[in-house]
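Here's a quick walk through a two-chain model, going from the chains as a whole down to single residues. Have the structure open as you read.

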Amino acid sequence: MILGRKVPVVPAGTGLVLALALAAPAVADDAALRTLAGVFMFAALASAWNIIGGFAGYASFGNVVFFGVGGYTVAVLMVHAGWAFWPALPVAVAAGAAYAALVGLPVLRLRGHYFAVATLGVAEGTREVVLNLSHLTGGGAGITMPVLGSRATTSYPGNTAFYYLFLAALVLAVAAASAVSRSRFGYGLRAIHDDEQGAAATGIDTTRVKLAAFALSGALTALVGALFAFQQVTIYPERLFSVEITVLMVAMAVIGGAGTVLGPVIGAAGLQLLAEYLRQRYLNLHLIVFGSLVVAVVVLMPEGVVSFATGAWRERRLGLLDTVRRYRV
Amino acid sequence: MERFAQSTVYGLLQGGLYGLVGVGFSLVWGVTNIVNLAHGALVVAGAYIAWELNATFGLDPLLGMVVAGLVLFGMGYAVQRGLINLVMNAPIFMTLLLTFGLELVVVNGLVSTLTGDYRSIPTGYASRGFAIGEVRVPYGRLVGFGLAVVLTVALAAFVGRTRTGRAIRATGMDRGAARLMGVPVAHVYAVTFGLAAALAGAAGAVIGTVTTFSPAAAGGFTLRSFVVAVLGGLGNMWGALAGGVLLGVVEAWGGQYLSGTLVNAIAFAVLVAVLVVRPSGLLGRPFYEARVEAG
């Protein structure tokens, strides 16, 4: 289900956007670069969530746990083992994949809301463990990576470098989603989404396929988490394991279009830029406006903006109420 | 030994409140298959209504609780009828997102109108109490526990014995069949959600008299509702009370004997373990397991 399969506009457009993104630091100021880096970060997270939540239809409400695991792996290795950031990064990615496999083994047996709540429980529980292992993680006081002065293991690379790092993470996540979408593995995931027992009956090893999808999602999320931790320098369990990050991933992927390659990216760009705009425009009320918009989009376009737009384009009409009719009691 | 007895009593009394917080959440999840991420926000809203009535009109918090329950019933009914009913057949992330959006609106609405300060509702009896041996029992918490039990019994009786309650259970089991029997499903869902909101509001009012609250507490109430609902079994009202008491006691013991907030990690470990091993709850019967989703 790549967006607009028959239209060669999509690869050309993607290339153009990528070229613009690569050139942007030459013209944009620091604030704009930071905003864009935030967009890339959330787009990568939403794409990673999409692999388990969109393709396989397993609504993980605890994906932030891999974000936190990635960030804390890097921080602990840099602080306690004296590692540089770059060798710690692949370890963080591996840790994300391994933790996903470990957690997924019992939890992926659950479905629907039970899976959502179990993953939420795993994320909250892991945060509490990290909070209480204070000799290792610094606990609630946070942990600061050595990036400045003579004791720095890796010096702080600066704003533009992080812009490119998050862009690279996004390209990697989209490439992964695109590869999954076209592969046998991806069709296996969609089959599980539509009918898990039927998928098993056709010979798909559902446990293995689901675990692989969860591990891939965890690895990509951990990569982004490690970059975010490095960017922040000092990290706290409350921030790195915040439920809100999970909800944003889900909201972006779902509003953009779960199970499509570009949907999560479009959703992330739209929501993140909107949130940023609202934050500046309505200092006190921005979360109320944001929440109301999420409610409105969910009610009016329950299949996501991308799917709504392609449907409207195909049928040449804007049927906002058609989808409402389809999903109401 | 005294510390053990004191923390057990404290945990029991606190646990009753957790049960009251979680019972409506559990009912809604069991009957409508909605995981209401805004549930904690409704608890906080109830606390604010009772606080406001007390601060402005000097209304007793027990009467304030009734008013909070009524107001939230109306709000809950309207929200389910006007919004959530529109996406009942959409994928589950959609309903989760919808309730999360509602949570943002309610919590931040409270913050911007009433600030994020910590408040509590003053009562004449909250600080007084009696002692059994060395164990102190505060009246305020005892009253709160009693209310939790009474309201849970009332809800169980309503759902178990009235015509509306039977419609709620029938809709929870098989929506299509219930509709064919003439049950107005959209109305029944709205009543269910309204009842849950009313109990959340009542719980908030009671909690406001025994401890401090602020809009930031909403997330914690929602998470505890998860634990209570899962421990007790979805839609099982007695189970929710038992699950709440269990959670309260374990938390109190943990606070007494474990370092830091490690007890929370244990609560979540128990949550995940129960989900994986026994998804019908610790004492629940698999009432909604045979649910028919079509229709």
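Helices here are DSSP runs of H or I with at least four residues, numbered from the N terminus. By that reckoning, A:Thr14 sits in helix H1 (residues 9-23) of chain A. Keep in mind that this is a predicted model.

Is A:Thr14 buried, exposed or partly exposed? A residue needs 20 or more other C-beta atoms within 10 Å to count as buried, and 12 or fewer make it exposed. A:Thr14 has 17 C-beta neighbours inside 10 Å, so it lands in the partly exposed class. For a sense of distance, take A:Val64, which is 50 residues from A:Thr14 along the chain: their C-alpha atoms are separated by 27 Å.

**The two chains overall**

Chain A has 16 helices and two strands. Its radius of gyration is 20 Å, close to the 20 Å that the globule rule gives for 329 residues, so chain A is as compact as a globular protein of that length.

Chain B comes to 11 helices and two strands. Going along the sequence, the pattern of chain B reads α-α-α-α-β-β-α-α-α-α-α-α-α. Here the radius of gyration is 19 Å, close to the globule-rule value of 19 Å for 295 residues, so chain B is as compact as a globular protein of that length.

The C-alpha boxes, taken along the principal axes, look like this:

| Chain | Approximate C-alpha box |
|---|---|
| Chain A | 65 × 50 × 40 Å |
| Chain B | 60 × 45 × 35 Å |

As for burial, 50% of the 329 residues of chain A count as buried, and 54% of the 295 residues of chain B do. What about contacts across the sequence? In chain A, take the contacts between residues at least 6 apart: 76% of them join residues at least 24 apart. In chain B, 78% of the contacts with a separation of 6 or more come from residues 24 or more positions apart.

**Where the chains meet**

How many residues of chain A are in contact with chain B? There are 42 from chain A, and they touch 42 residues of chain B. On the chain A side, the elements giving two or more residues are helix H4 (85-107), helix H5 (112-132), helix H12 (243-256), helix H14 (286-300) and helix H16 (320-327). H5(A) gives the most to that side, with 14 residues. Sorted by class, the side of chain A that touches chain B has 29 nonpolar, nine polar and four charged residues.

H5(A) deserves a second look. This helix has 21 residues and reaches 31 Å from its first C-alpha to its last, close to the 30 Å expected at 1.5 Å a residue. Of those 21 residues, 18 are buried, so H5(A) is largely enclosed by the rest of the structure.

**Another enclosed helix**

Helix H10 (residues 206-232) of chain A has 27 residues. From first C-alpha to last, H10(A) reaches 38 Å, close to the 39 Å expected at 1.5 Å a residue. Because 21 of its 27 residues are buried, H10(A) is also largely enclosed by the rest of the structure. Just after H10(A) comes A:Val233, which takes a positive phi of about 70 degrees.

**The nonpolar core**

The largest nonpolar core has 218 residues. Which members touch the most others? They are A:Phe40, A:Ala44, A:Val74, A:Phe166, B:Leu97 and B:Leu199. The element that gives the most to this core is helix H8 (residues 185-210) of chain B, with 17 residues.

Zoom in on A:Phe166. Setting aside neighbours within four places in sequence, A:Phe166 is in contact with A:Ala37, A:Phe40, A:Met41, A:Ala44 and A:Leu227.

**The hairpin in chain B**

Strand E1 (residues 129-132) and strand E2 (residues 135-138) of chain B run antiparallel and are joined by four bridges. Among the bridged pairs, B:Ala131 partners B:Arg136, and B:Ile132 partners B:Val135. E1(B) and E2(B) form a hairpin with two residues between them. One residue in the turn, B:Gly133, has a positive phi of about 65 degrees.

Methods:
Residues numbered from 1 in each chain as written. Chains lettered and ligands numbered in written order. Predicted model: local features only at pLDDT ≥ 70, side-chain atom pairs only at ≥ 80, totals over all residues. Pairing = 2+ DSSP bridges. Core = buried A, V, L, I, M, F, W, Y, C linked by C-beta atoms within 7 Å. Contact = placed C-beta atoms within 7 Å. Rg over C-alpha atoms; globule rule 2.2 N^0.38 Å. Nonpolar A, V, L, I, M, F, W, Y, C, P; charged D, E, K, R; others polar. Expected span 1.5 Å × (residues − 1).
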